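Please look over the sequence and the structure below before reading on. This briefing then takes up the strands and their pairing, followed by the ligand and its surroundings.

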Amino acid sequence: MSDKILETIYEKERERLLSLSSSTLTGEYTSPVFGEGKINAQLMFIGEAPGKDETTLSRPFVGKAGKQLDEILKAVQIDRKTAFVTNSVKYRPTRIKRTVANRTPAKNEIKESAECLKREIELVQPRIIATLGNSPLYAVSHIFSLGNLLIGNVHGAPIKIDDETVLFPLYHPASVIYNRSLIDTLKSDMTKLAELLKT
Ligand code: URA
């Protein structure tokens with residue numbers, strides 16, 4: 001039953017994205033990457049948007065950032081298979097550099113994608129929503145009217161959403177690939193998340 005509801009949520013988002021094809025925004029709308037993992041998971045990871053590898057394989061976090069995420073999860077003994085993993089935006093936002101390159105989704109794209117994410121959250125009902133980077137933090141703040149939260153100020157500590165749910169903001173695993181000084185921060189925040197999961 002839940003799987004069917006999830007399929008319906010994604011079908012609706014697929015239709016919305018196809019209706020955007022004449023938009024001036026660029027992105028691989030026709031190859032969306034949807035969430036995967038356990039429905040009823042206690043923990044939901046929300047990333048920014050799929051990249052090239054994710055779009056090719058139709059799975060979230062399977063490229064460079066995914067490998068970084070898997071490595072850190074392994075170090076803190078969180079089993080990715082027990083979580084639900086999705087993104088704030090379900091298509092790859094692109095720009096033309098010399099070839100096609102990833103870009104950060106614009107705020108309006110995150111807002112326009114928020115209905116799909118909201119319905120995923122309602123279906124999975126995670127106890128902990130762990131956002132990876134600023135885009136999903138913006139998406140979740142928008143959905144639950146949490147105000148203007150910035151990752152640099154709020155990472156590594158739970159923020160109450162309601163009696164059953166907390167938001168746990170983390171840096172994006174790709175940001176630590178390009179900024180090595182952040183890796184210790186992300187590891188230490190992830191350790192706190194692992195502790196919270198045990199409570
Ligand atoms: N970065 C993200 O935010 N999500 C993915 O799925 C892959 C890379």
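**Strands and ligand surroundings**

Across the pairing of two strands, Lys160 stands opposite Val166, which belongs to strand E9. The model is a predicted one, and the points below describe two open sheets, one built from six strands and one built from three, before turning to the ligand, whose space is the largest pocket.

**The sheet of six strands**

- The strands of this open sheet follow the order E2-E4-E3-E7-E9-E8, and their pairing is mixed.
- Its edges are formed by strand E2, covering residues 36-37, and strand E8, covering residues 159-160, each of which pairs on one side only.
- Strand E9, which spans residues 166-170, pairs with E8 in the antiparallel sense, and this pairing runs over two bridges.
- As a general point, the strands of a sheet pair through backbone hydrogen bonds, and the pairing is either parallel or antiparallel.

**The sheet of three strands**

- In this open sheet the order of the strands is E1-E5-E6, and here the pairing is antiparallel.
- Strand E1, at residues 27-28, and strand E6, at residues 100-102, are the edge strands, since each is found to pair on one side only.
- Strand E5 is made of residues 92-96, and it pairs with E6 in the antiparallel sense over three bridges.
- Within this sheet, Arg95 stands opposite Ala101, a residue of E6.

**The ligand and the residues around it**

- Around the ligand lie Gly47, Glu48, Ala49, Pro50, Glu54, Pro60, Phe61, Ala65, Asn87 and His172.
- When the residues of this shell are sorted by character, five are nonpolar, three are polar and two are charged.

**Polar contacts of the ligand**

- Which atom of the ligand lies 2.8 Å from a backbone N or O atom of Phe61? The partner of Phe61 at this distance is an oxygen atom of the ligand.
- The side chain of Asn87 has an N or O atom that is 2.8 Å from a nitrogen atom of the ligand.
- In His172, a polar side-chain atom lies 2.7 Å from an oxygen atom of the ligand.
- Taken on its own, the ligand has 230 Å² of accessible area, and the protein covers 92% of that area.

Technical notes:
Residues numbered from 1 in each chain as written. Predicted model: local features only at pLDDT ≥ 70, side-chain atom pairs only at ≥ 80, totals over all residues. Heavy atoms only, no water. Near = heavy atom within 4 Å. Polar contact = N/O pair within 3.5 Å; in protein donor to acceptor, adjacent residues only side chain to side chain. Areas by Shrake-Rupley, 256 points an atom, 1.4 Å probe, with all protein chains shown as cover. 1 Å grid on protein atoms, 1.4 Å probe; cavity = no way out; pocket = protein on both sides within 12 Å on 5 of 7 lines; lining within 4 Å. Sits in = over half its atoms within 2 Å of the grid points. Nonpolar A, V, L, I, M, F, W, Y, C, P; charged D, E, K, R; others polar. Pairing = 2+ DSSP bridges. Helix = DSSP H or I, 4+ residues; strand = E, 2+ residues; numbered from the N terminus.
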